[in-house]
Amino acid sequence: MKTKLTALAVTTALVAPAAIAEEMTIVSWGGAYSKSQKNAYHDPYSEKTGVTIINDDSSAEAVAKLRAMNEAGNVTWDVVDVVAADAIRLCDEGLAMEIDPDTMLAAAPDGTSAADDFGDLLVSECFIPQIVYSTTFGYRTDLVGDTAPTDICAVFDTDAYPGKRSLEKRPINNMEWALLCDGVAKGDVYDVLGTPEGQDQALAKLDTIKDDVIWWSAGADTPQLLADGEVIMGSTYNGRLFSVIEEQKQPVAMLWDAQVFDLDGWIIPAGLSEERQKRALDYIMFATDTQRLADQAKWISYGPARASSAPLVGKHAELGIEMAPHMPTDPENAKNTFLYNYEFWADYRDDIDAKFQAWLAK
């Protein structure tokens, strides 16, 4: 009898569907952004399924950490929030699984396929877009004098606006702004930046303010530096600035000029067990549907990536203010935007990173 039961158990194990994991680690950026995800996605999903979600704020190091996990054969993350350029790199390196939007993502309420609903924002076969955001500048209204900055090049004008600035500790965006403020036409920036001479030109412009810069790595750094009065202006994600301005009521205002549009979204790491992959796909199906993406905009001023979500964006869940005017895509805010080039940074990131870090160390 024991032999028969054992054989039956083995047979059943072979034909039964894979179990689905009851715990998952979701990696994101922390601060106000992770709070918006917790409110819009994580808590409702846990309530619906009973799954325990472990939050990890390591997205800034996602590429390096996933490379190391893959090499060690021990991938401990289940779903990872990354910017589009990093998703492209991870996909190209085989570190993220490919997603079929029409079978793995929810259709819109009117039946529109996910592929059509996300449209051109599906910039990689492995990337599930979540939000449109921008990297832009905030400034202390009480420290800029009688003439508030309206132009991105105020960042480089330490005579008119003396004081510390905060910039992200990476070349992306900083190099583009430097070239724009060194006279390069917007349409030529990436052609110039693709040359060693152009990279040197950008770094030379950044040299003019290097001694006045506090470098940040986490999106929450600049809002805190602004709130503490340690910097007169600084770059960060527009949603972080919304939080410090509207929620914390700090004397801070937005400088939307030359804001850099970008996409943020999910990837599922390659190499997960079948049960963990199944859970990750179930979460993604839930978290990127039309209503959930609209819900996130109740908590932070990022535009939802689905076309069907935009009409559902309403008021902030706690403040009661209309969120549309605080979105980077609002016509008044988007008068002079700079469009981030995903393909350029996917191709050049490692080389320019090395050059930028060498410059920082000088």
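This report describes the two domains of a predicted protein model and the contacts between them.

**Confidence**

Averaged over the protein chain, pLDDT is 91, and 95% of the residues reach 70 or more. Residues 1-16 are a stretch where pLDDT stays under 50. For this stretch the model has zero contacts beyond four places in sequence.

**Domains**

The protein chain is divided into two domains, each built from two segments: domain 1 takes residues 19-126 and 268-326, while domain 2 takes residues 134-262 and 334-361. Between the C-alpha centres of domain 1 and domain 2 the distance is 27 Å.

**The interface**

On the domain 1 side, 23 residues are in contact with domain 2, and 17 residues of domain 2 take part in return. The size of an interface is often given as the accessible area lost when the parts come together. For domain 1 and domain 2 the buried area is about 1,600 Å², with 57% of it on carbon and sulfur atoms.

Seven residue pairs are in polar contact across the interface of domain 1 and domain 2, counting pairs with both residues at pLDDT 80 or more. Helix H2 (31-49) and helix H4 (84-92) each supply at least two residues of the side of domain 1 that touches domain 2. H4 gives the most to that side, with five residues. By class, the side of domain 1 that touches domain 2 consists of 15 nonpolar, five polar and three charged residues.

**Salt bridges**

The structure as a whole holds 19 salt bridges, and the count between domain 1 and domain 2 is three. Two of the salt bridges in the structure are listed here with the distance between their closest N and O atoms.

| Salt bridge | Closest N and O atoms |
|---|---|
| Arg89 with Asp350 | 2.7 Å |
| Arg67 with Glu93 | 2.7 Å |

The pair of Arg67 and Glu93 forms a salt bridge that links distant parts of the chain, 26 residues apart. Arg67 is in helix H3 (residues 62-72), whereas Glu93 is in the loop between H4 and helix H5 (101-104).

Terms used: Residues are numbered from 1 along each chain as its sequence is written. This is a predicted model: local features need pLDDT of at least 70, side-chain atom pairs count only at pLDDT 80 or more; totals for chains, interfaces and linings use all residues. Side-chain values use heavy atoms; hydrogens and water are left out. Domain bounds come from an automatic or database domain assignment. Contact means heavy atoms within 4.5 Å. Buried area is the accessible area (1.4 Å probe) that two parts lose on being put together, summed over both. A salt bridge is a side-chain nitrogen of Lys or Arg within 4 Å of a carboxyl oxygen of Asp or Glu. A polar contact is a pair of N or O atoms within 3.5 Å; within protein, one must be able to donate a hydrogen and the other to accept it, and residues adjacent in sequence count only if both atoms are side-chain atoms. Helices (H or I, at least four residues) and strands (E, at least two) are DSSP runs, numbered from the N terminus. Ala, Val, Leu, Ile, Met, Phe, Trp, Tyr, Cys and Pro count as nonpolar, Asp, Glu, Lys and Arg as charged, and the others, Gly among them, as polar. pLDDT is the predictor's confidence in each residue, from 0 to 100.
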